Amino acid sequence: MKKYMAVWGALFFCVICLSLYLMLETLNTSPARYNDIDAESVLNFEKKIDGIEEDIKRNQEIINQIKSAVKDVSKGDEESLGKLQNILNSQNQKLQANKDQLDKLQNADTGKKTTRLKEQHGANVVQMEQPKGQKTAGAPLRKEVSVADNMCSWTESPMKKPDIEMEQVMKQLPFDNPDGGAWKQGWKVEYVANHWNAGNKLNVFVVPHSHNDPGWVKTYDRYYEDQTRHIFNNMLSKLEQYPNLKFMYAEISFFHIWWNEINEDRRKRVKKLIDAGRLEIITGGWVMNDEANTHYFAMLDQLLEGHQWLDGTLGVKPTAGWAIDPFGHTPTMAYLLRRSGLNNMLIQRVHYAVKKYLAKNRNLEFMWRQTWDHDGNTDMFCHMMPFYSYDVPHTCGPEPAVCCQFDFRRLPGSSYSCPWKIPPQAISDANVAQRANMIIDQWKKKATLYRSNSLFAPLGDDFRYDKEDEWDLQYINYQKLFEYINSHPELGVQAQFGTLSDYFNSIYKEFDTKPGQKPDPIKTLTGDFYTYADKDDHYWSGYFTSRPFQKNLDRVMESHLRAAEILFSLATATARRKGHLNLPQTVFMDKMIQARRNLGLFQHHDGITGTAKDFVVVDYGNRLLKSLQDTKLIIKECATYLTLDTKTEYSFSENAPWFNVDETRVAHDLLPEKSVIQLGEETDGTPRYTIFTHLQDYLIRREAIHTANRKLMVLTKFPFVSEILSREGHSRSRPVMFYNSFAQSREQVVKIYVSCADVIVKNQQGVSVLSQVEPYWDEENTISKTKFKVSFRLTVPALGIVRYTVQRVAANSNSMNVPVSVLIFNSDNSATLQSHPFSIAKAMGSDITLENPYLKATFAGSNGLLKSVVTKENGVEHSTKLEFVTYGTKPHSGDRSGAYLFLPDGPARPYTSQSPPVVNIIQGPIVSEVHVYFELVTHVVRLYNSSGIDGISLDMQNIVDITTQRNVEIAVRIHTDVQNKDNEFYTDLNGFQMQKHTTYDKLTVQGNVYPMPTMAFIEDDKHRFSILSANSLGFSNLKPGMMDVFLDRRLNQDDSRGLGQGVTDSKQTPSRFKLLLENRHKGTYNKDRATNFASLLGHQTSLQLIHPVFVIPAHNKHSSSFPRQSDFSPMHSELPCDVHLLNLRTMQNKDDGPDRLVPKSTAAMFFHRLGIDCGFPNKGLMCKGASGEVVLSGMFNEILTNVAQQVSLTLMYEEQELDTTELLDLEPMEIASFVVTLQ
Ligand SMILES: [Zn+2]
């Protein structure tokens, strides 16, 4: 060490001397330039010397001499030149003496540290050469993590077999669509005349309701102003006016606005109606969420937001779920409602053939069970409505022409009418007997489809009951019918107004069952209800992909909200513990609540589905953007606070923040712009790094080195030189924080954007790390001179924040920052071929191979698209041919593709551009990339050289732009060699669980498209190919081995489902995927099991894709020095690999209270124990085992979780108080929720 220091000091000295010497040489030989360079150069020298001064005290005196001489020179003192010369001459001798030392170091150096392209002769295959001789290069994968035996035996053991498996139903059904007559999609329903009689009555509940979309053909606010407010006002007055009347309502996003508007007296009256059971709040979510595209985090979040509001404000706990309009239904919803403490639920939009099948067997009511449930404890009593729609014509019975006559809003003279041309008649003494018999006939027919003597007859539609007279018309006419029917027992019917719970309770009573338990004759069912068709081959599979830009924005917003929730909870707990008041908690809480609600709003079944009018999409977009910005602010501010050594130094300033957001979005529908960290001053033509240049020149002159890349060589040989140079003080080092929102540590590659190519990246300990600098293309052929990408590997602890610094250094002076090499295929443009510091070359040829320690991926040189992947662990090459395909729209008359429907004009066609696309191959030691520029798609595939799990999959990103097209749908298609038997494949439901599907010819192409919120996979006995997606999109597996993911759709007409427009507001739309190829352990394949699970690696890769490490760069405005910060590592014991911390959500005070924005000291903590297929290796993970075990009290280092209560999912019911020191053994697949006090 001593020796090293000596060399170091000497070298410092030499550097200064040489520089000055050579500068003087310049001055002497070209006096004409003297005036050009003197002032600034001298100033620069002075600065450098100032910086070095601190480090080399031993040479202080000489430096002083030099400084003094330099000053004199700058004043034009000729004599001082001689003085300087003398000093330098004497030091030059010392330099000679040190040369031996330099040579020794040179010889000791091993191997090259750069990665460069090597063009192989003959085959013309370009390979990424692995850097050798340094531990950073190979990035060996982390070793395998063991999954607990109890998990593996759980996933392998057979599930409890249900009575009905939807997968089997789909297999059996012919989907032949015969004409059923009056009930078009059913049959001629008959019943035994005396089945219901005075002693055995049919108990009919006529249930008034109003379906309020928080945004569709009007915005959320407009709907409230125009209709919903009036509905609520009328509801209060009319329910008070008519004591027999009842009403039910679902969407809290509207209800809470009204509640905040009305006075205390009216609030009391509303509560009275609720307490009396005359007004029922059903589901109680913020919205009636879409079930196909939504992620369970957001589904739960909007349910929590609604339930928390209801419970806190009204003391109401909903017991029945109500989903009449979402376009298809997921068992995940049944699970969430069940675990929230609801007893029953209702669903409506299910494929007409499925409805008919279930109706035939009187199985429209069933216990909905999760496919992974071993003992039936997830069973949820579900009522499926039998007919085409939830409006009155399709709810009283099977014949719409008859039922329509009992919608008294459609009486002649009204703006509504019956399309079947038979209008309703007002009920009078003269017609009541005849009219009663008509509706009883419908009720009894409908009742034959169910197993009980209770009948549910909804009486409502979209935005109904907004006019007072509708309340009067429906009430007065139905009341007359009821009075007549109930006074004639021989009719065998008891009829009254009711609510959904009245109906369910009647069934429970009839079967002598406790609410929430299985009524005896009811069967169990597993599976999902996708893909929905309302008639013919009109499959609603378009909306799985419609408005993909917003589907992406939604998921970005979700990951930010979750990250902000967790960090905010940790920051407020810390502030509370320390008694700090400088964290603006109420400001952040306000933004947090808005963010929860804006995200919740978008989960609506016309929000995330992409089925609202253009201007409504804009409204949602602006709300999401606002909250995205707010959550970014909360993340960066809480991260700043938590990393400060002296937390009292923190102050919240929106104008002069220390840190910046990672990216900004100018508008809700534009792609984000990455924040660029400004390093030092921009190049102004002045040679700034002359010390280095002169040292290099000196070494070259002395023939110390012979190489084409001399600059790099110098620094490669003498890495400490870059250390010296980085201390020159020329460029301020800028901090960047990285936040990991997982409760497990992770290692991965991150990317930051900086203003110059020559940088040094250091970790918290000041150790420089290997980085890679990449060019940023302003346009296809222009490399930016002010924006560069720098990638490096890092490790972030569980829920932790690490602080790195990045600093500008002399050109090529940091050997640890490696410029990438670029090969350009199919380009005529040579403008960019020379661009410092990158090696850019043109190439022609066939295949391109990128390689890391785990994978070798081959791409076609002709178009840059993936061809095959070799998994190096077994050396097997897998075909993975990738292409883009397009669909057109069915040309003939009738309904055509639109926001909801996918009605293609035939099989997909390969998409080819007019000329071969420009392909850029970018290679470096951290990540290598293939960029392909098609007219409609910019396609990027990345291969990371990482020890983390990002090294095991290929990363695919696309930006699709179909704004110039007409009626086109574009998909990415991968032809794999996976032999998935019987065309079986899996897609996820809501990111929560996997669902098996089979592709059938009987369903047409559009009927074989399924939602893919996060992942899809196909497998055979040897391997599994998974596509993991950053946001929800449509997926199909039309042929064995083939995987299609829909990326965007532009449709120029309405599809007749009420929207009244096409989908033509296309944007430049991003999509991102991980392609994961896993080799199965021998003997672990079981094709016939009822369900399936992702591997641990599959889960973690998906989670990393959805929840990236958050980048928090220094703010460029902030110029003063940064306060002292340390890495933040809050978890004492991180969670096992198989437990996902779903949220840590600070509880809010009552919505309407004065302290509503003061965060509570309690937070809701949610753990999801993942279900895992143990048949695959799980390399690359940093987490500790997969045991499902958690101890709350020991989770955090400083924050205490002393008090905890196990609660229902939406916190409405307290289950048990916990001993926080006790080991919690979480059940596979279950979400466990706790309210914890954070101190
Ligand atoms: Zn709706």
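**Labels and cut-offs in a predicted model**

Reader: What makes Lys421 count as exposed?
Author: Its relative accessibility is 73%. The label requires over 50%, so Lys421 qualifies. This is a predicted model, and the value is computed from its atoms. Lys421 sits in the loop that runs between helix H14 (400–403) and helix H15 (432–447).

Reader: What is notable about phi of Lys421?
Author: Phi is near 70° in Lys421, a positive value in a residue other than glycine. Most residues other than glycine have a negative phi.

Reader: Which phi does Asn812 have, and why is Asn812 called buried?
Author: Phi of Asn812 is positive, about 60°, although this residue is not a glycine. The relative accessible area of Asn812 is 16%. Buried means under 20%, and Asn812 therefore meets the condition. Its place is the loop between strand E22 (801–808) and strand E23 (817–819).

Reader: How do you know which residues coordinate the zinc ion?
Author: A donor must be an N, O or S atom within 2.8 Å of the metal. His211 (NE2), Asp213 (OD), Asp325 (OD) and His605 (NE2) lie at 2.0 to 2.1 Å, so they count as donors. Along the chain their spacing is H-x1-D-x111-D-x279-H. Asp325 and His605 link distant parts of the chain, 280 residues apart. Asp325 is in the loop between strand E7 (320–323) and helix H12 (331–339), and His605 is in the loop between helix H19 (585–602) and helix H20 (614–643). Both of these residues are buried.

Reader: Why is the site of the zinc ion called irregular?
Author: The angles among its four donor atoms run from 90 to 165°. A tetrahedral label needs all angles between 85 and 135 degrees, so the upper value of 165° rules that label out. The site is classed as irregular.

Reader: What makes H11 and H12 oblique to each other?
Author: Helix H11 (residues 296–314) packs against H12 at an angle of about 40°, and the axes are 11 Å apart. Roughly parallel would need an angle under 35 degrees, and roughly perpendicular 65 to 115. The angle fits neither, and the pair is therefore oblique.

Reader: Which residues meet where H11 and H12 pack, and what is the handedness of the crossing?
Author: From H11 come Tyr296, Met299, Leu300 and Leu303; from H12 come Thr332, Met333, Leu336 and Leu337. The crossing is right-handed.

Reader: What kind of peptide bond joins Tyr530 and Thr531?
Author: The bond is cis, with omega about 0°. Thr531 belongs to the loop between strand E13 (523–526) and helix H18 (548–578). Most peptide bonds are trans.

Terms used: Residues numbered from 1 in each chain as written. Predicted model: local features only at pLDDT ≥ 70, side-chain atom pairs only at ≥ 80, totals over all residues. Heavy atoms only, no water. Donors = N, O, S within 2.8 Å, 3.2 Å for Na, K, Ca; no water. Tetrahedral: all angles 85-135°; square planar, octahedral: opposite > 155°, others 65-115°. Helix = DSSP H or I, 4+ residues; strand = E, 2+ residues; numbered from the N terminus. Buried < 20%, exposed > 50% of the residue type's maximum accessible area, 1.4 Å probe, protein only. Axes fitted to C-alpha atoms, helices over the stretch in contact; angles between N-to-C directions. Parallel < 35°, antiparallel > 145°, perpendicular 65-115°, else oblique. Left-handed = near helix turned anticlockwise from the far one by under 90°. Contact = heavy atoms within 4.5 Å.
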